[in-house]
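The following exercises concern side-chain packing, surface character and backbone geometry. Each task is followed by a solution in steps.

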Amino acid sequence: ISFANVSGEVQLRVGCAADWLSSGQLGQIDLLLLDHRGTVYQDDLRAAEPQLAFGARVLADNVLLPGAPLFLAHAAKSYEVTIHEVP
């Protein structure tokens, strides 16, 4: 964050997204990065949805392997989804 010189604009929060969201310490979310257990990605996304800014981006790692089928189903129903496979 400091290398990119965005310290005043970016907040990095480590932990379960649902825990941070319920804490009331976050404002609008411009970027949500999910990189933990794919089986709870859909819960984190649902918890974050009320705070997602217009045009927000959600990045989720490993949705194909080992997989996050519930997350993908919810996201595909509600959002424009693009999947990038990295060999």
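**Exercise 1.** In this predicted model, determine whether Tyr-41 and Phe-71 are buried or exposed, and classify the geometry of their rings.

*Solution.*
Step 1. Tyr-41 and Phe-71 are both buried.
Step 2. A pair of aromatic rings is described by the distance of the centres and the angle of the planes.
Step 3. A search of the whole structure yields one aromatic pair. The ring centres of Tyr-41 and Phe-71 are 5.7 Å apart, and their planes stand at 80 degrees. Pairing requires centres within 6.5 Å, and an angle over 60 degrees counts as edge-to-face; the pair of Tyr-41 and Phe-71 is therefore edge-to-face.
Step 4. Tyr-41 belongs to helix H2 (residues 41–48) and Phe-71 to helix H4 (residues 69–78), so the pair ties together parts that are 30 residues apart in sequence.

**Exercise 2.** Which residues of H4 are buried, and how are they arranged around the axis?

*Solution.*
Step 1. The buried residues of H4 are Phe-71, Leu-72, His-74 and Ala-75.
Step 2. Around the axis these residues cover an arc of only 165 degrees, so they lie on the same side of H4.
Step 3. Strand S1 (29–34), H2, strand S2 (52–60) and H3 are the elements against which the buried residues of H4 pack.
Step 4. On the face turned away from the buried side, H4 carries the exposed residues Pro-69, Leu-70, Ala-76 and Lys-77.

**Exercise 3.** Identify the nonpolar patch on the surface, and describe Leu-65 in terms of its accessibility and its peptide bond to Pro-66.

*Solution.*
Step 1. The patch is formed by Leu-64, Leu-65, Tyr-79, Val-81 and Ile-83, which together have about 480 Å² of accessible area.
Step 2. Leu-65 is found in helix H3 (residues 63–67). The relative accessible area of Leu-65 is 71%, and the cut-off for exposed is over 50%; Leu-65 is therefore exposed.
Step 3. Pro-66 also lies in H3, and the peptide bond from Leu-65 to Pro-66 is cis, with omega near 10 degrees.

**Exercise 4.** What is the phi of Asn-5 and of Asn-62, and where do these residues lie?

*Solution.*
Step 1. Most residues other than glycine have a negative phi.
Step 2. Asn-5 has a positive phi, near 60 degrees. Asn-5 is placed in the segment before helix H1 (17–23) and, at 67% relative accessibility, counts as exposed.
Step 3. For Asn-62, phi is likewise positive and near 60 degrees. Asn-62 sits in the loop between S2 and H3 and, at 36% relative accessibility, counts as partly exposed.

Note on methods. Residues are numbered from 1 along each chain as its sequence is written. This is a predicted model: local features need pLDDT of at least 70, side-chain atom pairs count only at pLDDT 80 or more; totals for chains, interfaces and linings use all residues. Side-chain values use heavy atoms; hydrogens and water are left out. Rings of Phe, Tyr and Trp (its six-membered ring) pair if their centres lie within 6.5 Å; planes under 30 degrees apart count as stacked, over 60 as edge-to-face and the rest as tilted. Helices (H or I, at least four residues) and strands (E, at least two) are DSSP runs, numbered from the N terminus. Buried means under 20% relative accessible area, exposed over 50%, partly exposed in between (1.4 Å probe, protein chains only). Patches are made of residues with over 30% relative accessible area and no salt bridge: like charges are joined within 9 Å, nonpolar side chains (Val, Leu, Ile, Met, Phe, Trp, Tyr) within 5 Å. Accessible areas come from the Shrake-Rupley method with a 1.4 Å probe; for residues, only the protein chains shown count as cover. A salt bridge is a side-chain nitrogen of Lys or Arg within 4 Å of a carboxyl oxygen of Asp or Glu. The arc is that of the directions from the helix axis to the C-beta atoms. Contact means heavy atoms within 4.5 Å.
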